[in-house]
Amino acid sequence: MATLKDRQINAIKQMLNLNQPITKAISAEPVWKLLIYDRVGQDIISPLISIRELREMGITLHIQLHSDRDSIPDVPAIYFCAATEENLGRIAQDFQNGLYDVYHLNFIAPISRQRLEDLAAAALQAGCVANIHKVYDQYLNFITLEDDMFVLKHQNSDALSYYAINRANTEDVEMENIMDSIVDSLFAVFVTLGTVPIIRCPKNSAAEMVARKLEKKLRENLWDARNNLFHMDATQTGAFSFQRPLLVLLDRTIDMATPLHHTWTYQALAHDVLELALNRVVVEEDPSADQQQQYGATGAKPKMKACDLDSRDRFWCTHKGSPFPTVAEAIQEELEQYRSSEEEIKKLKTTMGIDGESDAAFSMVNDNTAKLTSAVNSLPQLLEKKRLIDMHTKIATSILNYIKSRRLDSFFELEEKIMSKQALDRALSEVLKDPEFGLPEDKMRLFIIYYICSNVSDGEFKRIEETLRECGCDLSPLPYIQRWKSIMKSTLTNSNQYEGSGTKTVSMFSKLVSQGSSFVMEGVKNLVVKRHNLPVTKITEQLMECRSGGGSEVDDYLYLDPKLLKGSDVVPKNRAPFQDAIVFVVGGGNYIEYQNLVDFIKSKQSTNSIRRIIYGASTLTNAKQFLKQLSLLGQEIGGV
């Protein structure tokens, strides 16, 4: 079955093919065309389709809508943008200036009747109505980052952030707009998937507001005979009705420790310390420590390099969820393999008497032996492999520098102990006083997790607060976290949300030390994470299994079915477990939860049933960004 990512790519490719289904003949001989997009359209396309693939689709030029563009006649122009006043004003200007002969307008989300009429009036005024060949609503206003992961916004993501939803002085109208924006994007996800979900969510939360609005929107569309976007779903009644997915809508407030947690897996670390965004990370060209000292001395800025981390990179796909030490070992092994292949080709070349790399040399090689032919044919793959190894070495070295300078391994180990209620080797106040131990921001994250997961007396809180102040920490998140904890105390029945977490230290990096590796791992602990479920995963499991009763925390979750004319909000008896779930967090998600869900569903696969989970969030925030939002909320309470 096609994944969400595949379906979105197919929808975009069909749009780039002037909204015609793609056939084999087209891929052989594409029509040349232009692509004009806004920032939102760029964010949607860039993680999915490479520039090379755009060229293959016949896109000769892709340009920003709000840039200075020259008139290019005789070539169709495909617009892919949001239907905002500003964008429509610019499109009307293009009509007026007669920039292109053929316009194909694709709006990321449906355009309102009023705005469509304004656009038609602008086309009439410019006398170019005949040049507008198509106007399409695309239902693509979400960003797919993985086969099983999506976010709603990257540009201006603050509009949907935890802070925006929870700040004290949000007007009702603003809140409605935030919720409508989330609902429109979720609706687009289900149009793309072609299924109508059953919705579960906690009562009295932002998630319930989203759930109610989404149910209404889905129901209205299903009962609209002319514009039903789920007509393919109509054929799947009866025998196939049990295959409908479950949508679990959750509020960020159910788990505030995980977004601040120091992590240990490759992808989550890249997001935490290197600000991984839209599957791209920017690292120093040469991240070794001596280089940094040299730059420090000369004052020159280090050269930066952007690296794409996506599904085309086999190493990334295999290891993005692995603990960092495993990744370092794997890079080392890949390097050894590459070196042995390189040696083999060099030997062959020398025996053939060819040392140069000229074309003549290669043609001689091809004329000679089959063995050499296969070696030469594997050269492009080898070079690509070398490029990927070099790229991952750079990224891993950058991460390693952060781990060492901020002692991230120790923070991770401590937090896992705190979350699983194990005894600490040193008192927390001692650890926080250590000047060598991480940045003030790291200490703040550690303390908030400690405060959330333990019963802290007022006296201890004041003492640690003083210690944090001395360390130079910004204390503004604390008032908000105190308020959040007092509210949640009355609603949380489960005392230990994080049971089963923890780490164990394995023998030091034997492979890396013995092989003279490019990674200097001294002083970094080789930690292995114990397999456990985070709160979001636990809730998802209970809802997928349809477990209820026995005082489980999901007993009072709402049950909304948009296909029923009159919803009852009550779970039907003897409901079969769900095979597919979409878990969506209102107020920001993170790679730690995503990875936890991926590991959970892997453990649930069996020969006769394939189960899938898609993780989505309004925005993707790393701990630094989340802490900043908590600071803003805390300042509101403190009246700063």
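Which residues does Asn-106 touch, not counting residues up to four places away in sequence? The views below start with the whole chain and get to Asn-106 in the third one.

**View 1. The whole chain, a predicted model of 640 residues.** Since the model is predicted, local features need pLDDT of at least 70 and side-chain atom pairs count only at pLDDT 80 or more, while totals for chains, interfaces and linings use all residues. Residues are numbered from 1 along each chain as its sequence is written, and side-chain values use heavy atoms, with hydrogens and water left out. The chain holds 26 helices and 16 strands; these are DSSP runs numbered from the N terminus (helices H or I, at least four residues; strands E, at least two). Of the residues, 51% count as buried, where buried means under 20% relative accessible area, exposed means over 50%, and partly exposed is in between (1.4 Å probe, protein chains only). Take the contacts with a separation of 6 or more: 80% of them link residues 24 or more positions apart. A contact here means heavy atoms within 4.5 Å.

**View 2. Strand 3 and its two partners.** Strand 3 spans residues 76-81, and six of its six residues are buried. In a regular strand the side chains alternate between the two faces of the sheet. Here Pro-76, Ile-78 and Phe-80 point one way, and Ala-77, Tyr-79 and Cys-81 the other. Strand 1 (residues 33-37) pairs with strand 3 in the parallel sense over four bridges, with Ile-36 bridged to Tyr-79. Two strands pair if DSSP finds at least two bridges between them. Strand 4 (residues 102-107) also runs parallel to strand 3, over six bridges, and Pro-76 stands opposite Val-102 there. From strand 3 the chain passes through helix 5 (residues 85-97) to strand 4, in a right-handed β-α-β crossover. Right-handed means that, with the strands pointing away from the viewer, the path from the first strand over the helix to the second runs clockwise.

**View 3. Asn-106 in strand 4.** Here is the reply to the opening question: Asn-106 touches Met-15, Asn-19, Ile-78, Tyr-79, Phe-80, Cys-81, Tyr-136 and Gln-138, leaving out residues up to four places away in sequence. With 0% relative accessibility, Asn-106 counts as buried. Leu-18 is 88 residues from Asn-106 in sequence, yet their C-alpha atoms are 9.7 Å apart.

**View 4. Two loop residues with positive phi, Asp-74 and Leu-278.** Most residues other than glycine have a negative phi, and most peptide bonds are trans. Asp-74 has a phi of about 65 degrees and sits in the loop between strand 2 (59-64) and strand 3. Its relative accessible area of 68% makes Asp-74 exposed. Leu-278 has a phi near 50 degrees and lies in the loop between helix 11 and strand 10 (280-284). Leu-278, at 16% relative accessibility, counts as buried.

**View 5. Helix 24, a mostly covered helix.** This helix runs over residues 535-544, and ten of its ten residues are buried. Among them are Lys-538 and Glu-541. The cover over helix 24 includes strand 8 (198-201), strand 9 (246-251), strand 15 (580-586), helix 25 (591-603) and strand 16 (612-617). Just after helix 24, Cys-546 takes a positive phi of about 55 degrees.

**View 6. The largest cavity, about 80 Å³ in volume.** The closest residues to its centre, out of the 13 that line it, are His-271, Asp-272, Ile-592, Asn-622 and Ala-623. A cavity is a set of points, on a 1 Å grid over the protein atoms alone, where a 1.4 Å probe fits but cannot get out; lining residues have an atom within 4 Å of a point. Grid points are joined across faces, edges and corners, and a volume is the space filled by probe spheres set on the points. The count comes to two cavities of 30 Å³ or more. Helix 11 (266-274) and helix 25 each supply at least two residues of the lining of the largest cavity, and the largest share, three residues, is from helix 11.

**View 7. Tyr-591 in helix 25.** At 2% relative accessibility, Tyr-591 counts as buried. Tyr-591 and His-271 are 320 residues apart along the chain, with their C-alpha atoms separated by 7.6 Å. Partners touched by Tyr-591 include Leu-145, Met-149, Gln-267, Ala-268 and His-271.

Definitions and conventions:
On a 1 Å grid over the protein atoms alone, a cavity is a set of points where a 1.4 Å probe fits but cannot get out, and a pocket is an open set with protein on both sides within 12 Å along at least five of seven lines; lining residues have an atom within 4 Å of a point.
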